[in-house]
Protein chains: 2
Amino acid sequence: MVEVQSHIIIKREGKLFLGPMQIALLREIMKQGSLRSAAQSLDISYQNAWSNICRINEMSPCPVVMMQRGGVNGGGAGISEYGLKIIEEYEMIVTAVQKTINQINVEINL
Amino acid sequence: MVEVQSHIIIKREGKLFLGPMQIALLREIMKQGSLRSAAQSLDISYQNAWSNICRINEMSPCPVVMMQRGGVNGGGAGISEYGLKIIEEYEMIVTAVQKTINQINVEINL
(Lines give C-alpha, C1' and ligand atoms only; values in the text may rest on other atoms or scores of the structure.)
Protein backbone atom coordinates (compact mmCIF):
# COMPACT_ATOMS: atom_id res chain seq x y z
CA MET A 1 0.00 0.00 0.00
CA VAL A 2 1.22 3.47 -0.93
CA GLU A 3 0.37 6.26 1.48
CA VAL A 4 1.16 9.97 1.38
CA GLN A 5 1.81 11.77 4.64
CA SER A 6 2.56 15.39 5.41
CA HIS A 7 4.72 16.77 8.22
CA ILE A 8 3.81 20.32 9.11
CA ILE A 9 6.57 22.71 10.16
CA ILE A 10 6.03 26.26 11.42
CA LYS A 11 8.99 28.60 11.04
CA ARG A 12 9.64 32.00 12.59
CA GLU A 13 12.06 34.30 10.79
CA GLY A 14 13.19 31.32 8.75
CA LYS A 15 14.01 29.12 11.76
CA LEU A 16 12.18 26.01 12.97
CA PHE A 17 9.61 27.01 15.57
CA LEU A 18 7.26 24.01 15.72
CA GLY A 19 7.13 20.60 14.08
CA PRO A 20 5.41 17.30 14.92
CA MET A 21 7.91 16.52 17.71
CA GLN A 22 7.56 19.90 19.41
CA ILE A 23 3.75 19.71 19.31
CA ALA A 24 3.84 16.18 20.74
CA LEU A 25 6.09 17.52 23.52
CA LEU A 26 3.71 20.40 24.31
CA ARG A 27 0.78 17.97 24.39
CA GLU A 28 2.61 15.62 26.75
CA ILE A 29 3.58 18.51 29.07
CA MET A 30 -0.09 19.54 29.12
CA LYS A 31 -1.08 15.96 30.04
CA GLN A 32 1.68 15.19 32.54
CA GLY A 33 2.46 18.59 34.07
CA SER A 34 6.15 17.71 34.04
CA LEU A 35 8.90 18.09 31.47
CA ARG A 36 10.71 14.96 32.68
CA SER A 37 7.59 12.76 32.41
CA ALA A 38 6.80 14.27 28.99
CA ALA A 39 10.32 13.48 27.75
CA GLN A 40 10.03 9.89 29.05
CA SER A 41 6.67 9.38 27.33
CA LEU A 42 8.16 10.50 24.01
CA ASP A 43 11.36 8.51 24.56
CA ILE A 44 13.60 11.57 24.19
CA SER A 45 16.22 12.83 26.63
CA TYR A 46 15.37 15.43 29.26
CA GLN A 47 18.10 17.64 27.79
CA ASN A 48 16.51 17.41 24.32
CA ALA A 49 13.07 18.27 25.72
CA TRP A 50 14.53 21.12 27.81
CA SER A 51 16.44 22.70 24.92
CA ASN A 52 13.39 22.45 22.64
CA ILE A 53 11.19 24.20 25.19
CA CYS A 54 13.80 26.90 25.82
CA ARG A 55 14.05 27.53 22.07
CA ILE A 56 10.27 27.69 21.64
CA ASN A 57 9.93 30.11 24.58
CA GLU A 58 12.75 32.31 23.28
CA MET A 59 11.26 32.48 19.79
CA SER A 60 7.72 33.27 20.98
CA PRO A 61 6.29 36.74 21.60
CA CYS A 62 5.16 35.37 25.00
CA PRO A 63 6.02 32.19 26.94
CA VAL A 64 4.57 28.91 25.69
CA VAL A 65 5.69 26.69 28.59
CA MET A 66 6.05 27.82 32.18
CA MET A 67 8.74 25.81 33.94
CA GLN A 68 9.89 25.39 37.49
CA ARG A 69 13.31 23.75 37.43
CA GLY A 70 14.61 21.26 40.02
CA GLY A 71 12.87 19.15 42.65
CA VAL A 72 12.46 15.37 42.82
CA ASN A 73 10.40 15.17 39.60
CA GLY A 74 12.58 17.58 37.66
CA GLY A 75 10.25 20.49 38.29
CA GLY A 76 6.70 21.15 37.15
CA ALA A 77 5.73 22.49 33.74
CA GLY A 78 2.53 23.94 32.34
CA ILE A 79 1.25 25.34 29.06
CA SER A 80 0.27 29.02 28.80
CA GLU A 81 -2.85 30.39 27.10
CA TYR A 82 -0.67 31.28 24.15
CA GLY A 83 0.69 27.71 24.14
CA LEU A 84 -2.86 26.34 23.97
CA LYS A 85 -3.57 28.67 21.05
CA ILE A 86 -0.46 27.42 19.24
CA ILE A 87 -1.42 23.75 19.69
CA GLU A 88 -4.95 24.50 18.46
CA GLU A 89 -3.70 26.43 15.43
CA TYR A 90 -1.25 23.64 14.54
CA GLU A 91 -4.01 21.04 14.73
CA MET A 92 -6.22 23.18 12.46
CA ILE A 93 -3.40 23.37 9.90
CA VAL A 94 -2.84 19.59 10.07
CA THR A 95 -6.58 18.99 9.56
CA ALA A 96 -6.72 21.35 6.55
CA VAL A 97 -3.68 19.77 4.90
CA GLN A 98 -4.93 16.27 5.73
CA LYS A 99 -8.07 16.91 3.64
CA THR A 100 -5.87 17.51 0.59
CA ILE A 101 -3.70 14.49 1.45
CA ASN A 102 -6.76 12.23 1.81
CA GLN A 103 -7.88 13.17 -1.69
CA ILE A 104 -4.36 12.46 -3.03
CA ASN A 105 -4.32 9.06 -1.28
CA VAL A 106 -7.51 8.11 -3.11
CA GLU A 107 -6.04 9.07 -6.49
CA ILE A 108 -2.36 8.06 -6.16
CA ASN A 109 -1.08 5.36 -8.48
CA LEU A 110 2.59 4.54 -7.97
CA MET B 1 7.51 36.32 10.05
CA VAL B 2 5.63 33.09 10.62
CA GLU B 3 5.62 30.61 7.77
CA VAL B 4 4.03 27.17 7.48
CA GLN B 5 5.81 24.50 5.45
CA SER B 6 4.89 20.95 4.61
CA HIS B 7 7.24 18.01 4.08
CA ILE B 8 5.69 15.30 1.93
CA ILE B 9 6.51 11.68 2.71
CA ILE B 10 5.42 8.69 0.61
CA LYS B 11 5.30 5.36 2.43
CA ARG B 12 5.03 1.84 1.06
CA GLU B 13 3.66 -0.83 3.38
CA GLY B 14 4.16 1.59 6.27
CA LYS B 15 7.85 2.21 5.54
CA LEU B 16 9.48 5.41 4.22
CA PHE B 17 9.72 5.24 0.44
CA LEU B 18 10.27 8.85 -0.62
CA GLY B 19 10.72 12.15 1.18
CA PRO B 20 12.22 15.53 0.23
CA MET B 21 15.80 14.21 0.54
CA GLN B 22 15.20 11.16 -1.67
CA ILE B 23 13.49 13.25 -4.36
CA ALA B 24 16.36 15.76 -4.29
CA LEU B 25 18.75 12.82 -4.72
CA LEU B 26 16.81 11.44 -7.70
CA ARG B 27 16.76 14.89 -9.30
CA GLU B 28 20.52 15.31 -8.84
CA ILE B 29 21.20 11.85 -10.29
CA MET B 30 19.07 12.83 -13.29
CA LYS B 31 21.08 16.05 -13.67
CA GLN B 32 24.57 14.66 -13.03
CA GLY B 33 24.34 11.07 -14.28
CA SER B 34 26.43 9.94 -11.32
CA LEU B 35 25.60 8.92 -7.77
CA ARG B 36 28.88 10.29 -6.40
CA SER B 37 28.37 13.74 -7.97
CA ALA B 38 24.73 13.76 -6.81
CA ALA B 39 25.82 12.95 -3.23
CA GLN B 40 28.45 15.73 -3.34
CA SER B 41 25.91 18.28 -4.61
CA LEU B 42 23.57 17.46 -1.72
CA ASP B 43 26.42 17.35 0.81
CA ILE B 44 25.62 13.80 1.91
CA SER B 45 27.99 10.82 1.98
CA TYR B 46 28.22 8.44 -0.97
CA GLN B 47 27.27 5.60 1.41
CA ASN B 48 24.12 7.47 2.47
CA ALA B 49 23.15 8.13 -1.17
CA TRP B 50 23.92 4.51 -2.13
CA SER B 51 21.88 2.97 0.69
CA ASN B 52 18.94 5.30 -0.05
CA ILE B 53 18.93 4.31 -3.72
CA CYS B 54 19.22 0.59 -2.88
CA ARG B 55 16.28 0.90 -0.49
CA ILE B 56 14.15 2.79 -3.06
CA ASN B 57 14.94 0.21 -5.78
CA GLU B 58 14.16 -2.71 -3.44
CA MET B 59 10.84 -1.21 -2.39
CA SER B 60 9.72 -0.38 -5.94
CA PRO B 61 7.77 -2.67 -8.27
CA CYS B 62 10.45 -1.85 -10.89
CA PRO B 63 13.88 -0.14 -10.66
CA VAL B 64 13.94 3.62 -10.10
CA VAL B 65 17.68 4.15 -10.52
CA MET B 66 19.93 2.11 -12.79
CA MET B 67 23.45 1.99 -11.40
CA GLN B 68 26.80 0.83 -12.66
CA ARG B 69 29.14 0.50 -9.68
CA GLY B 70 32.88 1.23 -9.73
CA GLY B 71 35.09 3.21 -12.09
CA VAL B 72 36.92 6.50 -11.51
CA ASN B 73 33.72 8.50 -10.98
CA GLY B 74 32.04 5.90 -8.76
CA GLY B 75 30.00 4.49 -11.67
CA GLY B 76 27.24 6.03 -13.72
CA ALA B 77 23.62 6.29 -12.64
CA GLY B 78 20.41 7.06 -14.49
CA ILE B 79 16.70 7.38 -13.73
CA SER B 80 14.23 4.90 -15.24
CA GLU B 81 10.88 5.79 -16.83
CA TYR B 82 9.24 4.69 -13.60
CA GLY B 83 11.64 6.96 -11.69
CA LEU B 84 10.60 9.93 -13.82
CA LYS B 85 6.96 9.11 -13.12
CA ILE B 86 7.66 9.02 -9.37
CA ILE B 87 9.39 12.42 -9.42
CA GLU B 88 6.51 13.91 -11.44
CA GLU B 89 3.88 12.44 -9.10
CA TYR B 90 5.74 13.74 -6.04
CA GLU B 91 5.92 17.24 -7.54
CA MET B 92 2.18 17.17 -8.28
CA ILE B 93 1.48 16.24 -4.65
CA VAL B 94 3.76 19.03 -3.38
CA THR B 95 1.99 21.55 -5.65
CA ALA B 96 -1.48 20.43 -4.48
CA VAL B 97 -0.51 20.62 -0.80
CA GLN B 98 1.28 23.94 -1.35
CA LYS B 99 -1.99 25.52 -2.51
CA THR B 100 -3.53 24.68 0.87
CA ILE B 101 -0.40 25.86 2.70
CA ASN B 102 -0.38 29.19 0.79
CA GLN B 103 -3.93 29.87 1.95
CA ILE B 104 -2.97 29.01 5.54
CA ASN B 105 0.04 31.34 5.35
CA VAL B 106 -2.26 34.22 4.40
CA GLU B 107 -4.56 33.53 7.35
CA ILE B 108 -2.16 32.43 10.09
CA ASN B 109 -1.91 34.58 13.18
CA LEU B 110 0.53 33.30 15.79
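# Reading an interface and two buried residues

User: Let's start with B:Glu28; which element of chain B does B:Glu28 lie in?

Analyst: Happy to begin there. B:Glu28 belongs to helix α1 of chain B, which covers residues 20–32. Keep in mind as we go that this is a predicted model.

User: Is B:Glu28 buried or exposed?

Analyst: The idea is to compare relative accessible area with a cut-off: under 20% counts as buried. B:Glu28 has a relative accessible area of 13%, so B:Glu28 is buried.

User: Which residues is B:Glu28 in contact with, leaving aside neighbours within four places in sequence?

Analyst: With those neighbours set aside, the contacts of B:Glu28 are B:Gly33, B:Ala38, B:Ser41 and B:Leu42. You can also compare sequence with space: B:Gln40 is 12 residues from B:Glu28 along the chain, and their C-alpha atoms are 9.7 Å apart.

User: Can we try the same reading in chain A? Where is A:Ser80 found?

Analyst: Look at the loop that links β4 (77–79) and α4 of chain A; A:Ser80 sits there. Its relative accessibility is 11%, which means A:Ser80 counts as buried. Beyond neighbours within four places in sequence, A:Ser80 is in contact with A:Pro63, A:Val64 and A:Met66. A polar atom of the A:Ser80 side chain also lies 3.0 Å from the backbone nitrogen of A:Gly83.

User: Now the interface. How many residues of chain A and chain B are in contact?

Analyst: A good way in is to count residues, then look at area. Here 26 residues of chain A are in contact with 26 residues of chain B. The area buried between the two chains is about 2500 Å², with carbon and sulfur atoms giving 58% of that area. On the chain A side, A:Gln5, A:Lys11 and A:Leu110 lose the most area to chain B, together 24% of what that side buries.

User: How many salt bridges and polar contacts are there between chain A and chain B?

Analyst: The rule finds zero salt bridges across this interface. For polar contact, the count is nine residue pairs, with both residues at pLDDT 80 or more.

User: Which elements of chain A give two or more residues to the side that touches chain B?

Analyst: They are β1 (2–12) and α4 (81–107) of chain A. β1(A) gives the most, with 11 residues. By residue class, the chain A side divides into 15 nonpolar, five polar and six charged.

User: And how does β1(A) run relative to β1 of chain B, parallel or antiparallel?

Analyst: The strands run antiparallel, and 11 bridges join β1(A) to β1 (residues 2–12) of chain B. As an example to find on screen, A:His7 has B:His7 as its bridge partner in β1(B).

Technical notes: Residues numbered from 1 in each chain as written. Chains lettered and ligands numbered in written order. Predicted model: local features only at pLDDT ≥ 70, side-chain atom pairs only at ≥ 80, totals over all residues. Heavy atoms only, no water. Contact = heavy atoms within 4.5 Å. Buried area = accessible area lost by both parts, 1.4 Å probe. Salt bridge = Lys/Arg side-chain N within 4 Å of Asp/Glu carboxyl O. Polar contact = N/O pair within 3.5 Å; in protein donor to acceptor, adjacent residues only side chain to side chain. Helix = DSSP H or I, 4+ residues; strand = E, 2+ residues; numbered from the N terminus. Nonpolar A, V, L, I, M, F, W, Y, C, P; charged D, E, K, R; others polar. Pairing = 2+ DSSP bridges. Buried < 20%, exposed > 50% of the residue type's maximum accessible area, 1.4 Å probe, protein only.
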